[in-house]
Amino acid sequence: MRRIFLLMAALLIGGMGLLAAGTAEAAFSDRAKDMAKITGIRIGRADGNVRVVIDSDRPVVYRQSVLADPTRIVVDVQNAWIVPAFKKRISIDSELVSGVRAAQFDETTVRIVVETSAGKDSYKVFALDGGKPRIVMDFGRTPRPAAAKPPQERTPPVLPPAPPAHTDEEEDTTRDTGDVGHDISAIIGLKGKKIAIDPGHGGSDSGAIGPTGIMEKSVTLRVSRELKRLLEAEGASVVLTRTGDTEVSPKGASATSVEELEARCAVANRAQADIFLSIHADAFTNREVKGTTAYYYTKGTKQSKRLADSVRMALIDAIGTLDRGTQTSNFYVVKHTDMPAILVEISFISNPDEEKMMNSEAGIKKIAQGIADGIADYFG
Ligand SMILES: [Zn+2]
């Protein structure tokens, strides 16, 4: 331990010396462009389990190893640097995990060390890419998919290659991370949450129509279906207000607009969903107007605002749209739902570029991933 500490101190002091020289600084910022930036470490806890999430600005490759006496799980993130202002030590009041440390280990490696009492079968480490790349370390009881219902058919998340053999003499074992990808159900986070998703419009109501004729009702349904798939893969249950190109009200096309919106709220309220999201695309007479907006009810709760902020920010991260902020409104569906509720205007279907993005398979996937990431952030 002491040796590592001294080594890190030496690197730190050496590093500061280098940064004092302007040329070295320029060289670093040059190099940093090609490196992943570690932007944060989040700790989640539930039922005695602990989850450590390492956020980065792009997908990373890491090596995982175990140090003995006391047991420490080490994740070396390759070709990465850590934001200097970052909190380097986090103490955790848990029997399983007592602390997490993060530091720049060498010029191109960020080392995360978790002090833990977990045995080798009671933790796992895996990477999730998508809108917000991250490495997840779960400590505690890990429900095996075989014991529950079979996992959904889906493409497994991109896993890092099996870690190469170690040369660092302090590290006595390496562990294969190959089997963790199929069980990405979170110990905490989305697992067990019930989420109501409302694909805006449908049936006789096309919603807004883009310059090339793309209809809002079809974008919202495609996004909602993909979002359902992503959320279910992370252990949430999802109820859609509609699954096809139809009205939600049993009265169909003859329902008044209030009856139609009432029917959508009723689906969420009956299901006693934890949260409600209504998915829409915006439109304006001026085709230049673009961007992403999230709404919650004017007299809504703090949770609704937090959900709106989380989803909006993660969605913008995923699709790079203009940020039009979180706004309040009296939209029927956010007003008459019993749970934290938001309405998301993905972007403007009246804008030719955004219409094209929202009608592409890649765009739909990014949108759904962004919204799913925002929901995961909301649940922590
Ligand atoms: Zn709409």
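**Two cores and a run of paired strands**

In this predicted model, the largest nonpolar core holds 53 residues, and the members that touch the most others are V311, I342, V344 and I375. Helix α8, spanning residues 361-379, puts in the largest share of this core, with nine residues. A second core sits apart from it: this separate set counts 33 residues, among them V52, A102, V114 and F126. Such grouping fits a broader pattern, as nonpolar side chains tend to be buried together in soluble globular proteins.

I342 is a handy place to look around in the larger of these sets. Once neighbours within four places in sequence are left aside, I342 is in contact with L277, A294, Y295 and Y296, and also with S304, L307, A308, V311 and V334. One of these partners, V311, is itself listed with I342 among the residues touching the most other core members.

Turning to the strands, β4 (residues 72-78) is a good one to follow. Five of the seven residues in β4 are buried, leaving the strand mostly covered. β4 pairs with strand β3 (residues 62-67) in the antiparallel sense, over six bridges, and with strand β8 (residues 109-116), again antiparallel, over seven bridges. V74 shows both pairings at once: S65 stands opposite V74, while in β8 the bridge partner of V74 is V113. Between β3 and β4 the hairpin has four residues, and here D69 takes a positive phi near 50°.

Technical notes:
Residues are numbered from 1 along each chain as its sequence is written. This is a predicted model: local features need pLDDT of at least 70, side-chain atom pairs count only at pLDDT 80 or more; totals for chains, interfaces and linings use all residues. A residue is buried if 20 or more other C-beta atoms lie within 10 Å of its own, exposed if 12 or fewer, and partly exposed in between; C-beta atoms are placed from the backbone. Helices (H or I, at least four residues) and strands (E, at least two) are DSSP runs, numbered from the N terminus. Two strands pair if DSSP finds at least two bridges between them. A nonpolar core is a set of buried Ala, Val, Leu, Ile, Met, Phe, Trp, Tyr and Cys residues joined through C-beta atoms within 7 Å. Two residues are in contact if their C-beta atoms, placed from the backbone, lie within 7 Å.
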